[in-house]
Structure formats: C-alpha cells, structure tokens
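I opened this notebook to record what I looked up, entry by entry, with the cut-offs noted beside each term.

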Amino acid sequence: MAKASVGAGFLAALCAFGFGGPFARAAAPTTPASYTLTCPASGDPVLVDADGLRHRIADPVDRAIAARACAPAPGGATFDVVVKNSGAATIYVAFTNYTTQQPGVINWAAGCQGKVVNQQLALAPGASCAAVVPVSNGIARFCASRTLVPAGRLPNCNLAQTRNQTMIEVNFGAGANGCYPASMATCAWYDISVIPQNCTADDWKRNKCANDGGASYNVPVSLSCAGQPTYVCRGPRDGTHGAADYPGKCGDPAASCVGGSQSCDNAYFFPTPSPQPNSQCPDGHVLRIDFLGGA
C-alpha cells in the first residue's frame, strides 16, 4: 500500500467529520494525529493508526476526499471543497468563474455528478457533496437558491448582488500566485459577502448603504476550514444593521475581530472593513461550505 501525500489538516478534517467501524477492533484510536491516510493497490483508501491497524472511512463525503487524495485529478493543482445543505429545503448551488462569468470548472464526486442540473448542484436537506476544484479557476464565486435556474439561462454567481443572493467568494491560488507564504502549493481564500449592489464605503459611513439595492442575502451559510476562522451569516433580516435589509445574525460589522463568534465581523457588509473578514484555507485542507437552516 502507498501513503498519500496529504497535510495534517486533511487528516484532521477526516477525523473531525467522522469515520467509522475499524477493521481490527471495536474502539477507534484516541489520538487523531497518529492516523495516516493509506492508499491500497485496490479497494478504498483507509486510515492506519500508530499500531498499524486499518480503519475504514465511513462517511461518503470523507471517502470522496480520501479518494481524491489517493488519485489526484489530472490537469494541474486542485483544491478540495465540500458543500452541505443543513437546511430544510432543497437548494441549488452554482459555481462561477469570476473572470469569464461562465460556470467554473468543478469536479463533483461520482455520487454527486448526477445531481447537477443546468450547471447547478441539487442538494436535498442533509446532503453533502465533495468536489475537486482546479485552482486555475482563480477568483470564483459560489451561490445558492431554493429555485432552479431554468434551462436556457445559465446561473451566474457574479450577479448575486443584483439578485440579492448570498455570495460565497473563493479565490484559489497556487504558490506565489495568491498564496501566503508563497511556498504553499495551493490555497483558497474565502469569505461571505452581503454587500448591496451599489454600496460604497462612503455610503456605509453615510447611511449604512440604505439606498443601494438591498443586502446580497437569500440563504444562511457557514464557511469553515480546519484551524482557520469560521464565518457564520444568517437571518432573519431584522434591521439590526440599518435599512439595507442585512441579515441580523451575521456578526458585528464594526468589530475589530473577524469570524469565530457573532461578536466579530463574519461577512462583508461594505467593500472596505478593517480588519477584512476573509481567511486563507491552506494546502492540504478542505474548505467546507454549509448552507444552514433558518431564514
């Protein structure tokens, strides 16, 4: 068997999201750091503990990530993303290349490819899908809706603001082209934007962008990466942050900290907050996008 070249963050993500049923004993090891992802010549990848015992990976999303690590997709550097629907209704998730304004290149796990309709991933309540994203997408956007964009019209997350949709901004990088430090092989910068379409920093100072098209928000979402800040933004829209109809449970846009707590800023309400509510998901880690229940 061969060992896959993956970072500790990848293994931590696997452990955090659950693996089940050891092959050799009933109780799983208690030291996650001792696990090594191992790629058999045939069959599914497994986790091997410090005693050399193998443990199967029960969760289908984690299995897909492990399979990706054992057999990297051809065609250049990639980054792992998992999308989950924790809400009570089916959602339709789109992915857009910011530069081309066309659907971005994203390779969904085998069990999810059949869920793609008109370039949108249909996710039932409780469902998750793993994906491999070529970092050549560069600047990209995810967005979701509870209604399907019909055939004949492609989804375009670049237009999220004009359609008052929650915008998940992900900038993929490789080495010196976008990562910090430049020695990092790949990375993904991530944030949530609820900025109204015509909002500027001056508008925010004047009246919190009250007359700029309304908040770019339609579904609650959480963004996370092991060891990095988690951003949570959800409604209801209750006037907490002014007349632009921003979601009320999206952190404090005036805070001096970002992510991890609702007392910190969790999303962009206007273009130039300080500090900036965005973070880098490092090489070997998994960016997790969880569309939440609620308003």
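I began with V93 and listed its contacts (heavy atoms within 4.5 Å): leaving aside neighbours within four places in sequence, V93 meets V83, Q119, Q120, L121, L123, F142, C143, A144 and F291. I note that this is a predicted model, in which local features need pLDDT of at least 70, side-chain atom pairs count only at pLDDT 80 or more, and totals for chains, interfaces and linings use all residues. Residues are numbered from 1 along each chain as its sequence is written, and side-chain values use heavy atoms, with hydrogens and water left out.

I then looked up the largest nonpolar core (buried Ala, Val, Leu, Ile, Met, Phe, Trp, Tyr and Cys residues joined through side-chain atoms within 4.5 Å, where buried means under 20% relative accessible area with a 1.4 Å probe, protein chains only). This core has 49 residues, and V93, F142, F172, Y246, I289 and F291 have the most contacts inside it. Another core, of 6 residues, lies apart from it and includes V61, I65, A130 and V286.

Next I turned to S279, which lies in strand β18, residues 279-282 (strands being DSSP runs of E, at least two residues, numbered from the N terminus). S279 counts as buried because its relative accessibility is 7%. Its side chain makes a polar contact (N or O atoms within 3.5 Å, one able to donate a hydrogen and the other to accept it) of 2.6 Å with the side chain of Y231. Not counting residues up to four places away in sequence, I found S279 touching A188, W189, Y190, P229 and Y231.

Last, I noted for the whole protein that 48% of its 295 residues count as buried.

Key
Buried < 20%, exposed > 50% of the residue type's maximum accessible area, 1.4 Å probe, protein only. Helix = DSSP H or I, 4+ residues; strand = E, 2+ residues; numbered from the N terminus.
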